[in-house]
Every structure is written in C-alpha cells, then in structure tokens.
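Me: I'd like to learn how to read side-chain features in a model like this one. Could you walk me through a few?

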Amino acid sequence: MNAFDTLKQVIEGRRTTKPAQMNGQKISDEDIKEILALADWAPTHARTEPWRFFVLSGDNLQKFCEHHADLYWANTSPETRTETKRDALLNMGNKASHLVISLMRRTPEAKIITEEEYAAVAAATQNILLGATAKGIASFWSTGGMTHHPAMKLYLELKDEDLLMGLLYLGYSDEQKEGMRKIPLDDKIIWV
Ligand SMILES: Cc1cc2nc3c(=O)[nH]c(=O)nc-3n(C[C@H](O)[C@H](O)[C@H](O)COP(=O)(O)O)c2cc1C
C-alpha cells in the first residue's frame, strides 16, 4: 500500500467511540508516548508549539471522573442538573484506558492570534486520534460536561489564557463503527 492509501485508511477508519463501548483493556504507556509524539508534529505558526497534555490512567483517571462529576454537580443549578448526567461523568472512565486532556498554552511573547494557536492544538489533537486509530485504539474527543466551564480550568490549575481543546478518552473496543457524513462533499467544495 502506498503512503496515501495507508493515510486514507487511517483517516477514514477513525471513528468516535464512546468510552461505554470500550472494553477495559489497557493501552501501554509506550503506545501513548508514541501517539503523543505524533501530536508534537502538528503545524505551528511561529513555532509556538502551543499544545500541552495531561495523561491520566488507573486511579488518577477514576479520580478525575469523580471530580468531574462533583464539579458538574456543584456548578450546575439544581433546576437543570440531573443525576443521570452526574453518573455518566462519574462512570466515563470505567472502560477507558487513558485520558489525554488536550489544551492550548499561549506563548505571550509571540504575536500569534489565539485562533491560530487553538487551530494548531486541534491539528495536534487530530494527530493523536489518527495515531490511536493506526494502533487499533478507539478514541472519544469530548467537550462534554464541564470541559469549557471556568471551574474545570481552576481544577486543572490552568492559566487564564489557556484553553481546553478536549478530553480524549482512549481505550480498546470490540465494536466496529461505520462512518457517516450528512453533507455531500461536493457541497463543501467550490472549484474555481
Ligand atoms: C471539538 C469536538 C468536540 C466534541 N465533543 C463531543 C462531545 O462532547 N460529545 C460527543 O458525543 N461527541 C463529541 N465529539 C465527537 C463528534 O460527535 C464526532 O466527531 C461526530 O459525531 C462524527 O463522528 P466521527 O468522529 O466518528 O466521524 C466532538 C468532536 C469535536 C471535533
């Protein structure tokens, strides 16, 4: 298979797989390191390399889920919060192996606008998902729960100007998922 066909297979084969569809099998830290090394090759304007990652597994992943559920409960009004949602956050890591928290850290002295720094982190994050796919690892890019709430930033001790890109749950899954796009590709492209 040539490089394009291999890349195409990986890109088209990447599917969002919810942690509930993972099987609890553990990923080696070596595989996680190799995947994160791919993130480091994302394009970066002015070489600010704004991507940063927290990697959690085992008890620390469980603790994060507990704290995430607590943050949700403490920061959501009694009229809108639900126990179903709290339990979903609490149990999010049960069958996942690792959680990679992907975030943007600005380089203050660089004159790169936030949008471009965030775009670079999105590219790095996609590299993680593709690296995982190539290794047969399922992934879920989530911005659910408290991801974008200021309480999460406080909990993670982030700086004011840091931005979370997402919570990436990684694990193995026995399920095969079909891809689906609603808008035809031709409707998204204008050839001039
Ligand atoms: C920035 C971003 C945030 C996302 N957050 C969530 C989320 O919170 N919950 C969720 O179910 N899916 C989330 N997704 C995954 C999308 O639902 C998923 O990509 C989409 O359904 C298409 O499926 P596919 O990834 O298998 O192609 C997110 C995706 C992106 C890019």
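Reply: Sure. Keep in mind that this is a predicted model. Let's begin with the aromatic rings: a search of the whole structure finds three aromatic pairs.

Me: How is the pair formed by Phe 64 and Tyr 155 arranged?

Reply: In general, you describe two aromatic rings by how far apart their centres are and by the angle of their planes. Here, the centres of Phe 64 and Tyr 155 are 6.2 Å apart and the planes make 45 degrees, so the pair counts as tilted, a class that lies between stacked (under 30 degrees) and edge-to-face (over 60). Phe 64 belongs to helix 3 (residues 58–75) and Tyr 155 to helix 6 (residues 150–155), so the pair links distant parts of the chain, 91 residues apart.

Me: Is Phe 64 buried or exposed?

Reply: The cut-off for buried is under 20% relative accessible area. Phe 64 has 2%, so it is buried. Its partner Tyr 155 has 31%, which makes Tyr 155 partly exposed.

Me: Where does the charged end of Arg 86 sit?

Reply: Over the ring of Trp 73, at 4.2 Å from the ring's centre.

Me: On to charged pairs. How many salt bridges does a search of the whole structure find?

Reply: Five. For each one you look for a side-chain nitrogen of Lys or Arg within 4 Å of a carboxyl oxygen of Asp or Glu. Lys 8 and Glu 12 pass that check, with their closest N and O atoms 3.0 Å apart.

Me: Why are Lys 8 and Glu 12 separated by about one helical turn?

Reply: Because they are four residues apart in helix 1 (residues 3–13). Lys 8 itself is partly exposed, at 36% relative accessibility.

Me: Which parts does the pair of Arg 105 and Asp 162 tie together?

Reply: The side chains of Arg 105 and Asp 162 meet at 2.6 Å, N to O. Arg 105 is in the loop between strand 2 (98–104) and helix 5, while Asp 162 is in the loop between helix 6 and strand 4, so this salt bridge ties together parts that are 57 residues apart in sequence. Check the burial too: Asp 162 is buried, with a relative accessible area of 0%, whereas Arg 105 is partly exposed at 23%.

Me: And what about Glu 117 and Arg 106?

Reply: Their side chains form a salt bridge as well, at 3.3 Å from N to O. Glu 117 lies in helix 5 and Arg 106 in the loop between strand 2 and helix 5, so the parts tied together are 11 residues apart in sequence. Glu 117 counts as buried at 1% relative accessibility, and Arg 106 as partly exposed at 22%.

Me: Which residues are linked in a network of salt bridges?

Reply: Asp 31, Glu 34 and Lys 135.

Me: Let's look at a residue inside a helix. What is Thr 125 in contact with?

Reply: Thr 125 sits in helix 5 (residues 114–134) and is buried, with a relative accessible area of 0%. Leaving aside neighbours within four places in sequence, Thr 125 is in contact with Ser 102, Trp 141, Met 165 and Leu 168.

Me: Finally, the surface. Which residues form a nonpolar patch there?

Reply: Leu 185, Ile 189 and Trp 191, and together they have about 420 Å² of accessible area. One of them, Ile 189, lies in the segment after strand 4 (163–171) and is partly exposed, with a relative accessible area of 37%.

Key: Residues numbered from 1 in each chain as written. Predicted model: local features only at pLDDT ≥ 70, side-chain atom pairs only at ≥ 80, totals over all residues. Heavy atoms only, no water. Patch = residues over 30% accessible without salt bridge, like charges linked within 9 Å, V, L, I, M, F, W, Y side chains within 5 Å. Areas by Shrake-Rupley, 256 points an atom, 1.4 Å probe, with all protein chains shown as cover. Helix = DSSP H or I, 4+ residues; strand = E, 2+ residues; numbered from the N terminus. Buried < 20%, exposed > 50% of the residue type's maximum accessible area, 1.4 Å probe, protein only. Contact = heavy atoms within 4.5 Å. Phe/Tyr/Trp six-rings, centres within 6.5 Å; stacked < 30°, edge-to-face > 60°. Lys NZ or Arg CZ within 6 Å of the ring centre and 35° of its normal.
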